[in-house]
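Biologist: I should like to examine the terms applied to this structure, and to hear on what grounds each of them is used.

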Amino acid sequence: MDKIIIKNLEVWIRAGVTEEERAKPQRLLLYVEMEHDFQRAAVEDNLDHTIDYHAVSQRLLKFGETREWRLIETLAEEITSLI
């Protein structure tokens, strides 16, 4: 398996146990590793057979705009599901 890594993607998230913590978005740096077999994509030179890391990054940047979380663990699980 090959990997694509998105490192230090800055997102703004409302997270925290108390309402005060969630009152303003907080800066969060994401580190995401995605594994995939890229052989077919490389042979065919075709984005359809790989991971479009730009699209993933854009989704992550927008993910927290309208939500809030009490636990970072819940946020991490939802990010995993999103990807």
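Modeller: A residue is called buried under 20% relative accessible area, exposed over 50%, and partly exposed in between. The model under discussion is a predicted one.

Biologist: Why is Asn8 called partly exposed?

Modeller: Asn8 has a relative accessible area of 49%. Partly exposed covers the range between 20% and 50%, so Asn8, at 49%, is partly exposed. Asn8 lies in strand E1.

Biologist: What is the sign of phi in Asn8, a residue other than glycine?

Modeller: Phi of Asn8 is positive, near 60°. Asp45 also has a positive phi, near 50°, and is likewise a residue other than glycine. Asp45 is found in the loop between H2 and H3.

Biologist: How do you know whether Asp45 counts as buried or exposed?

Modeller: The relative accessibility of Asp45 is 72%. The cut-off for exposed is over 50%, and therefore Asp45 counts as exposed.

Biologist: What makes the pair Lys3 and Glu33 a salt bridge?

Modeller: A salt bridge requires a side-chain nitrogen of Lys or Arg within 4 Å of a carboxyl oxygen of Asp or Glu. For the side chains of Lys3 and Glu33 the N to O distance is 3.0 Å, so the pair satisfies that rule. The two belong to distant parts of the chain, Lys3 to strand E1 and Glu33 to strand E2, 30 residues apart. Lys3 is partly exposed at 47%, and Glu33 is partly exposed at 41%.

Biologist: How many salt bridges does the rule give?

Modeller: The count comes to 5. One of them joins Arg40 to Glu44, whose closest N and O atoms are 3.2 Å apart. Both residues lie in helix H2 (residues 39-44), 4 residues apart, or about one turn of the helix. In general, an α-helix has 3.6 residues a turn, so residues three or four places apart point the same way. Arg40 has a relative accessible area of 49% and Glu44 one of 42%; both values fall between the cut-offs, so the label is partly exposed.

Biologist: Why is the pair Arg67 and Glu78 called a salt bridge?

Modeller: The side chains of Arg67 and Glu78 meet at 2.8 Å, N to O, and the limit is 4 Å, so the term applies. This pair too links distant parts of the chain, with Arg67 in the loop between H3 and E3 and Glu78 in helix H4, 11 residues apart. Arg67 is partly exposed at 35% relative accessibility, as is Glu78 at 25%.

Biologist: What makes the buried residues of H3 lie on the same side of the helix?

Modeller: The buried residues in helix H3 (residues 53-63) are Val56, Ser57, Leu60 and Phe63. They cover an arc of only 120° around the axis, which places them on the same side of H3. The other side of H3 carries the exposed residues His54 and Lys62. The buried residues of H3 pack against strands E1 (2-15), E2 (26-36) and E3 (68-69) and against helix H4 (72-82).

Biologist: How do you know that the buried residues of H4 line one face?

Modeller: Leu75, Ile79 and Leu82 are buried in H4. Viewed down the axis of H4, these buried residues fall within an arc of 60°, so they line one face of the helix. The face turned away from them bears Glu73, Glu77, Thr80 and Ser81, which are exposed. The partners of the buried residues of H4 are E1, E2, H3 and E3.

Biologist: What describes the packing of H3 and H4?

Modeller: The axes of H3 and H4 come within 11 Å and cross at roughly 145°. The crossing is right-handed. Arg59, Leu60 and Phe63 of H3 make the contact with Leu75, Glu78, Ile79 and Leu82 of H4.

Biologist: How do the residues of that contact divide into nonpolar, polar and charged?

Modeller: The contact of H3 with H4 has 5 nonpolar residues, no polar ones and 2 charged. Leu, Ile and Phe count as nonpolar, and Arg and Glu as charged.

Conventions
Residues numbered from 1 in each chain as written. Predicted model: local features only at pLDDT ≥ 70, side-chain atom pairs only at ≥ 80, totals over all residues. Heavy atoms only, no water. Buried < 20%, exposed > 50% of the residue type's maximum accessible area, 1.4 Å probe, protein only. Arc of directions from axis to C-beta. Contact = heavy atoms within 4.5 Å. Axes fitted to C-alpha atoms, helices over the stretch in contact; angles between N-to-C directions. Left-handed = near helix turned anticlockwise from the far one by under 90°.
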